[in-house]
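User: Please take a close look at chain C of this model, at the places where it meets other parts of the assembly. I would like one connected account, written for a reader who works with atomic distances and buried areas.

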Amino acid sequence: MKKTKETKNVETDFQKMVRVFLKSPFGIAGGIILIILYLMTLFAQFISPYNFTDLHSKYRYLPPTPIHWIDSKGKFHIFPFVYGIKEKRNPITYAMEYVVDKNEIYPIHLFVHGESYKFLNLFRTNVHLFGISPKAHGMLALFGTDKYGRDLFSRTIVGGQVSMTVGLLGIAISFVIGIIIGALSGFIGGTFDLIIQRLIEVLMSFPTLPLWLALSMIIPPSWPSTWVYFGIVTVLSLLGWTGLARVIRGMTLSMRDKDFISAARLAGQTKIKIIIHHVLPNIMSYVIVVATLSIPGMILAESTMSFLGLGIKEPMTSWGLLLSNAESLESISLHPWFLIPGAFIIIAVLSFVFVGDALRDAFDPYQYERK
Amino acid sequence: MKLLNVKNLRISFKTSKSELLAIDGISFEVNKGEILGIVGETGSGKTITSLSIMRLLPGNAKVSGEILFNNKNLLDLSEKEMDEIRGKKISMIFQEPMTAFDPLYTIGAQFSEVLFKHERIRKEEIKRRSVEMLKLVGIPEAEKRFDQYPHEYSGGMIQRAMIALALLTNPELVIADEPTTGLDVTIQMQVLNLMKRIQRTSNLSMIFITHDLGVISKMADRIIVLYLGKILETGNVKDVIFSPFHPYTQGLVSSIPTLSTSRTGKLHSIPGNVPSLSEIKKGCRFYSRCSQRMEICKEKSPTLFEVSSGHYVACWAVEKNRNLVKMDEQ
Amino acid sequence: MNNEELLNIKDLKVYFPIRKGIFLQTVGYIKAVDGVDLQIKSGENLSVVGESGSGKTTLGKTIVGLIKPTGGKVAYNYNGKSFELFRSVPINVRQSVQMIFQDPFSSLNPRLKIVDTLKEALEIRKMFRTKREMIDYLGTLLEKVGLKREYLYRYPHEFSGGQRQRISIVRAISVKPKFIVLDEPTSSLDVSVQAQVINLLKELQRELNLTYFFITHNVAIAKYIGQKIAVMYLGKIVEINDSENLINSPFHPYTRLLLSAVVEPKIEHEKEIKVGGEPPSPVNVPSGCRFHTRCPFAMKICEEVEPDLVEYGGAFVACHLYSKERTKQIEKS
Ligand SMILES: Nc1ncnc2c1ncn2[C@@H]1O[C@H](COP(=O)(O)OP(=O)(O)OP(=O)(O)O)[C@@H](O)[C@H]1O
Ligand SMILES: Nc1ncnc2c1ncn2[C@@H]1O[C@H](COP(=O)(O)OP(=O)(O)OP(=O)(O)O)[C@@H](O)[C@H]1O
Ligand SMILES: [Mg+2]
Ligand SMILES: [Mg+2]
């Protein structure tokens, strides 16, 4: 009887972490946003009403189309709708302008048949989550269109596939490199450590931008876009492991003098096994926090590179590349909707930061000590 | 004369699971010019007792009873009135001096802050008094040291500075919570000597908290033996340590190896561990480890009764033996 | 008991470099252990006392091979062969020397169940054919130190300091060692628990035929455990003697100072014992005798010449007060 009582009283580390994490409103919000963003990228083609590469030459530079419930005659519609669009030349500037044709009403339907695509790369379908009839004289362009008339909403959603995964993949690779080099450097110490540390410092002291530029130059322009994507991931992780390795080395150093490590050495345990069994499990939580907090850097890095035209290239897309539409002030003032992908970058980065911070609190060593 | 009179003090903590009664109705007093020692093992409630006098307990603590300081109940005072007393009339010496000093400010700046807050005197006067106090506690080159940062002090020196800080405002009562735990014996001896000397010369009242019976026998006039928030025995230091009545005190005293302990015998020891507060049931709190436990101990918590003048014990077994003796005499 | 020599320590030095600057140049050394000579016989417990920073832990860790000596040698005899433990040695030699650490909260891996911590050494040694046998063996050992078998499946944070220290003891004795370094194993425990652990250690020593190198700063415990006591000051041993003799008739002024500073429950405490100064830092070790800055008997020679550990009245003492001949010699020249 006593035993059950005791086991009940003891909260496992994991439960404790979850409890502390759930106390942070920012962490929860960030977590939920990230889940939504990742679901969005997973089902990107399905969610987007148009294919992200399809050109609609009739509707270039179309501003975001407003959605209505009540038509010009004051009648209420159950399904929201958009008005049709007509092209007209401005009699003064001679520029082509779009005018709303209030006589044509196109209701927005769920599961409409539109342009065909491959669902999750598995099978071909033309069902989209929502949209208007493909025969309509107009477009459902929630975020407007670009200079080729491509739907920016669809492009943003699909662009998220690159932007949101580049950080994860990049960090996964940096993580492995960082752990191996950091743990060995910290545990072996001595000259090996000294050399590794200097190497890291040299790498870190280069300004990152030119380094990215230089490395991304190596990626041949003729590569197919998926190769380019992995090329970018490689570039990012080749430069990103240094920070992680430093943190891991520092923590390994502080673990190395712990008495339980000494005891393992006295038991005759090998260095590699000590690192795997004793050092890594004890520093993993911090490493995860640091890793989470370095994902935003990677996202920003990809955006920067793509923005500068050195990363993801057309016809593939990413938030950074989309943002490059808004490269001049003139372009921004004429087409302010080009900035929307930037908002996605900011939201994703902030969410990662919030989640990382909340995780750090949840893993806080002091909370552990205090029963 | 009673300077501090604590009556039926109870301290409980609200935790996520339950409410823990950490101090269970203790009463004691500190007379003018006296050192009261409090001994007890980990978790006995020494620190929270002193924090409750300073009104420094964390928010989840509930305190009841009376803490009369110069006949004023400290528990009734407003936060502002308490500010006047804390650090001025009652001051504290902590075990970890490094946590008492802010590493970003010089020792001098921290002394000045305290003096200025309570006495509003001029800068030169502040420095004069601080340096004088540093000299009193035996810090060499006190003028130079005044402008140094805490980390530039050695372990023994920072402990002295802590004592100087506590004495700066001429307090009436000083509470010292394990002031020498963790210090080397030679430095501990210096600090103890210093505290005793200052206490004697300025007729200070002091509460001296420790778990070291040797230290307490050197420092205190009267002592309280605390166990899991209950007073088990109290009286003059000589009575309690050299003729203890409570099985716990007896066990404690005889379990300490001394220089004259024989190498061949076995050390006396109290079985078991100190239970945690959440494991405590009704009855005597020492029940689970007691060598003389009886049926009643499990049911009813014993109260203090006087075994000789000024020497009180809370133990059913002792009380029973006493009564038997008395009956025999009749 | 058998009086074969277990350890022979010759002029042992352990210096920790102090590094500064971008290239981490060595700007000085912390001389944690600075010339220690010591012989330990099998079955003869040695206690080491000294103030904080005197190098006790460093000496202990160097003896078991956790730290590589900067200079000198620690020779460990195992079945007639001599080994240096910081090098790679056969597993049975390695495991025959164990250490029990001071801080019960850092000596067990918080992520591992007790059973996983305890089985590590046994699995390396392949001491058992089946898992059942091993668990049974560990359970028996836990019971031997006064814990329960079920504790095998719990995590360290479920135990008190005293219980953790017992688990560390099980880990050390499970590999059937000959020699154990104990680094203040009771200093973080409560008084009432301390006595239990000391009794247990003494019992195990007798029963398992162990030799202890017992580090403490409590002279009373040092005497209770050790046949001999060595007094350390700033990285050097200043006096070694049988524990009774060392306490009853200390020679070195530092030993006397240390003994006079012991506070025990007594009725009459000496009015005020003069205990001057604090130990200097091991970075700037004083010239000559390293104790001369605090010594009430310091002479001129003490500032200049470092005294050797010489035999005097049954003890070994490093103090010019007891090396008259040397003094004369030096004064002549
Ligand atoms: N903020 C708190 N919340 C819950 N329980 C607390 C809190 N502070 C103290 N306690 C409990 O109150 C009891 C007494 O604690 P206290 O710190 O006074 O012990 P102590 O006698 O000073 O011990 P030590 O010798 O370890 O300093 C302990 O069981 C402790 O766990
Ligand atoms: N790994 C290390 N790197 C640098 N300096 C060290 C290291 N370990 C110990 N020292 C230094 O060596 C000196 C001796 O330390 P050691 O821990 O051996 O002393 P000790 O006698 O065990 O003290 P204590 O009683 O406080 O445990 C100290 O000045 C300490 O700061
Ligand atoms: Mg306390
Ligand atoms: Mg030590």
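Analyst:
**Chain C and its surroundings**

Counted over all chains, the structure contains 43 salt bridges. The model is a predicted one, and the account below takes up chain C by way of its contacts with chain B, its contacts with chain A and the shell around ligand 2.

The interface with chain B is described first. Here 46 residues of chain B meet 49 residues of chain C. Together the two chains bury about 3,800 Å², and carbon and sulfur atoms account for 56% of this area. On the chain B side, the residues that lose the most area to chain C are T186(B), L259(B) and R263(B), which together make up 22% of what that side buries.

How many salt bridges are there between chain B and chain C? The count is one. A salt bridge joins the side chains of K266(B) and E203(C), with a distance of 3.6 Å from N to O. The pair is counted because 3.6 Å falls within the 4 Å allowed between a side-chain nitrogen of Lys or Arg and a carboxyl oxygen of Asp or Glu. Polar contacts add to the picture, with 19 residue pairs across the interface of chain B and chain C, both residues being at pLDDT 80 or more.

Four elements of chain B, namely helix 7 (155-167), helix 8 (185-202), helix 9 (213-219) and helix 10 (237-242), give two or more residues each to the side that touches chain C. Helix 8 of chain B provides the largest share of that side, nine residues. Sorted by class, the side of chain B that touches chain C comprises 17 nonpolar, 21 polar and eight charged residues.

The interface with chain A can be set out in a parallel way. It brings 24 residues of chain A into contact with 30 residues of chain C. The area buried between chain A and chain C is about 2,200 Å², of which 53% lies on carbon and sulfur atoms. Zero salt bridges are counted between chain A and chain C, while nine residue pairs are in polar contact there, both residues at pLDDT 80 or more.

The side of chain A that touches chain C receives at least two residues from each of helix 1 (2-9), helix 6 (190-205), helix 9 (259-266) and helix 10 (271-307) of chain A. Of these, helix 9 of chain A supplies the largest share, seven residues. The classes on the side of chain A that touches chain C are nine nonpolar, seven polar and eight charged residues.

Helix 6 of chain A also contains a salt bridge pair within its own chain. E201(A) and R198(A) form a salt bridge whose closest N and O atoms are 3.0 Å apart. About one helical turn separates E201(A) from R198(A), because the two are three residues apart in helix 6 of chain A.

The account now turns to ligand 2. There are 13 residues around ligand 2, and those that come nearest are S52(C), G53(C), K56(C), T57(C) and T58(C). A polar side-chain atom of T58(C) is 2.5 Å from an oxygen atom of ligand 2, and a polar side-chain atom of S52(C) is 2.7 Å from an oxygen atom of this ligand. From S54(C), it is a backbone N or O atom that lies 3.3 Å from an oxygen atom of ligand 2. Taken alone, ligand 2 exposes 630 Å², and the protein buries 65% of that.

Strand 2 (25-41) and helix 1 (56-64) of chain C are the elements that give two or more residues to the shell around ligand 2. Helix 1 of chain C gives the most, with three residues. By class, the shell around ligand 2 consists of four nonpolar, six polar and three charged residues.

For reference, chain B residues also come nearest to ligand 1: of the 14 residues around it, these are G43(B), G45(B), K46(B), T47(B) and I48(B). A polar side-chain atom of T47(B) stands 2.6 Å from an oxygen atom of ligand 1, and a backbone N or O atom of I48(B) is 2.9 Å from an oxygen atom of ligand 1. Ligand 1, taken alone, exposes 640 Å², of which the protein buries 70%. Helix 1 (residues 46-53) of chain B contributes the largest share of the shell around ligand 1, three residues.

Methods:
Residues are numbered from 1 along each chain as its sequence is written. Chains are lettered from A and ligands numbered from 1 in the order in which they are written. Side-chain values use heavy atoms; hydrogens and water are left out. Contact means heavy atoms within 4.5 Å. Buried area is the accessible area (1.4 Å probe) that two parts lose on being put together, summed over both. A polar contact is a pair of N or O atoms within 3.5 Å; within protein, one must be able to donate a hydrogen and the other to accept it, and residues adjacent in sequence count only if both atoms are side-chain atoms. Ala, Val, Leu, Ile, Met, Phe, Trp, Tyr, Cys and Pro count as nonpolar, Asp, Glu, Lys and Arg as charged, and the others, Gly among them, as polar. A residue is near a molecule or strand if one of its heavy atoms lies within 4 Å of it. Accessible areas come from the Shrake-Rupley method with a 1.4 Å probe; for residues, only the protein chains shown count as cover.
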